Amino acid sequence: MRTITQFNVLDKDFQGGPYATYSSMHSSNAVLFDERLGAYFFGHHADVLSILQSPSFTTRPLAARAEPVMGDRVLAQMEGSEHRSRRNTILSVMSARNFREQYKALIETVAEQLLSEHLERGEIDLIKDFGRNYSILVTLSILGLPTDRYEEVATWHAGVASFITSLEMTDDERRWGLECSRNIIRYLKPIVNARKSSGGDCLIAKLGRREGSEEMSTSEIVALILNVILAASEPADKALGYLFYHLLSSPGLLERVVKDRDLLGSAVRETLRLNSPVQLIPRETSEAVTLSGISLHKGALVFCMIGAANRDPSAFSRPTEFVIDRSRSGAGTDQNGSAAYHLAFGTGRHVCVGATFALLQIELTANFILDRLKDIELTPGFLIHEAGLYTRGPSELKIKFRSVAEATARA
Ligand code: 2IO
């Protein structure tokens, strides 16, 4: 049974480092309650599993968080046959097969272009010089969208993302999010209108085709495209940054991975467990529910603390350590002795539709960087600084490298 502890999610210490709070939640069996937000925060692996797999917890909070800036519903707001149909359409373009046959080459081209500007300096910030542009460019490329205005798209994306993931906004920040939303929708709308009846293979054309289900309006398609842009871009640079942080700060790890690239997949999953780019997932109860002894009224706002669940000692041994040899799927063992999986992609019917794509993307990009840059190390004196409560990532990741392999040497 758990007990409720009062909590302020905007507390500066918590923002600076949530991990101590996670650990005390586990040792004291606490569920946190933020009175100002009227929100419960659950950080036990078993509770987060229950919430995300229960029909009594809905995605209703997204109506206020996402819809105002998406212009219509996102995938996670859909249920039933509509949800199944849209989800399958998105899955069909993000398949492992498309990855091998099309996206791999696109992603390597993006990575090569962005890296090439920094090769002579022997130094690069993997977040600021690379990751932020990389994440947007990759997403636009795989969606078949133009990349010529990607810097503007990146700015609008950031405004929309901060609206969706905010826990508190000033009026100015709210206005800025809405302005970015208007700009990105104005940019996407004519593209969607031109592509939706083109009969092609891109996501827009596939969503535009009526396949059994109702035809989608332009604003519905724009919202889903925006959903994919956001969900694919926002966590990507963070995952890549954390991965390289672990590779470069855990003794001997880089050498092992450079020699045995098969380890990279496990390294990506262990990174996502230990430093989950999406730290919070909101839900609302559709009826009165009791969970681990905590009574929740109908309409209660609940946040799943993904970062806490992924460090729960009742699910993972040595939960705060980077253990690359954790069993292949990034699993631990729960109280019943069965496999416990990291929840970085959520779970249940709204589990991340892009998970397969994301794992392949990060692994491929890391492989590419390890092939191109030799003798990589963290820039001496570098200290990691993480930012964000909802999505969280390193603000910068400065690395040095001594030499560069020829681009053509890769085969
Ligand atoms: C985009 C938070 C980056 C999603 C969201 C409104 C819905 C949904 C998520 C993830 C990651 C983003 N929620 N992706 O948590 O599509």
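Mentor: Two strands count as paired if DSSP finds at least two bridges between them. Keep that in mind, and remember that this model is predicted.

Trainee: Over how many bridges do strand 5 and strand 16 pair?

Mentor: Strand 16 covers residues 398-400. Its pairing with strand 5 runs in the antiparallel sense. The cut-off is at least two bridges. Here the number of bridges is three.

Trainee: Which residue stands opposite Ile124?

Mentor: Start with strand 5, which spans 123-125. Look across to strand 16, its antiparallel partner. The residue opposite Ile124 is Ile399.

Trainee: In what order do the three strands of the open sheet lie?

Mentor: Strands of a sheet pair through backbone hydrogen bonds, either parallel or antiparallel. In this sheet the pairing is antiparallel. Strand 5 and strand 13 (377-378) are the edge strands, each pairing on one side only. The order is 5-16-13.

Trainee: On to the aromatic rings. Is the pair of Phe7 and Phe41 edge-to-face or stacked?

Mentor: A search of the whole structure finds ten aromatic pairs. In this one, the ring centres are 5.2 Å apart and the planes stand at 75 degrees. Planes over 60 degrees apart fall in one class, those under 30 in another. With that angle, therefore, the pair is edge-to-face.

Trainee: How many residues apart in sequence are the parts that Phe7 and Phe41 tie together?

Mentor: Phe7 sits in the loop between strand 1 (3-6) and helix 1 (12-16). Phe41 belongs to strand 3, residues 39-42. The parts they join are separated in sequence by 34 residues.

Trainee: Are Phe7 and Phe41 buried or exposed?

Mentor: Use the cut-offs: under 20% relative accessible area is one class, over 50% another. Phe7 and Phe41 fall in the same class, and both are buried.

Trainee: What is the angle between the planes of Phe41 and Phe303?

Mentor: This pair links distant parts of the chain, from strand 3 to strand 9 (residues 301-305), 262 residues apart. Both Phe41 and Phe303 are buried. Their rings lie 5.0 Å centre to centre and are stacked. The angle between the planes is 15 degrees.

Trainee: Which residues form the one aromatic cluster?

Mentor: We have met some of the members already. Phe7 pairs with Phe41, and Phe41 pairs with Phe303. The full cluster is Phe7, Phe14, Tyr19, Tyr22, Phe41 and Phe303.

Trainee: Which residue lies over the face of Tyr19?

Mentor: Elsewhere, Arg273 lies over the face of Phe316, at 5.2 Å from the ring centre. Over Tyr19 the distance to the ring centre is 3.8 Å. The residue there is Arg311.

Trainee: Now the empty space. How much space lies in the largest cavity?

Mentor: The structure holds two cavities of 30 Å³ or more. The second largest has about 40 Å³. The largest has about 1100 Å³.

Trainee: Which residues are the closest to the centre of the largest cavity?

Mentor: Its lining has 48 residues: 35 nonpolar, ten polar and three charged. The elements giving two or more of them include helix 12 (218-233) and helix 17 (355-372). The closest to the centre are Asn227, Ala231, Pro235, Val278 and Cys352.

Trainee: Which element gives the largest share of the lining of the largest pocket?

Mentor: This pocket holds about 740 Å³. It is lined by 29 residues, with Ser162 and Thr165 among those nearest its centre. Elements giving two or more residues are helix 8 (126-142), helix 9 (150-164), helix 13 and strand 15 (393-394). The largest share is six residues, from helix 9.

Trainee: How many charged residues are in the lining of the second largest pocket?

Mentor: This pocket has about 300 Å³ of space. Phe303 is one of its lining residues, as are Arg65 and Glu168. Helix 4 (61-65) gives the largest share of the lining, three residues. By class there are eight nonpolar residues and one polar, and the charged residues number three.

Notes. Residues numbered from 1 in each chain as written. Predicted model: local features only at pLDDT ≥ 70, side-chain atom pairs only at ≥ 80, totals over all residues. Heavy atoms only, no water. Helix = DSSP H or I, 4+ residues; strand = E, 2+ residues; numbered from the N terminus. 1 Å grid on protein atoms, 1.4 Å probe; cavity = no way out; pocket = protein on both sides within 12 Å on 5 of 7 lines; lining within 4 Å. Points joined across faces, edges and corners; volume = space filled by probe spheres on them. Nonpolar A, V, L, I, M, F, W, Y, C, P; charged D, E, K, R; others polar. Phe/Tyr/Trp six-rings, centres within 6.5 Å; stacked < 30°, edge-to-face > 60°. Buried < 20%, exposed > 50% of the residue type's maximum accessible area, 1.4 Å probe, protein only. Lys NZ or Arg CZ within 6 Å of the ring centre and 35° of its normal.
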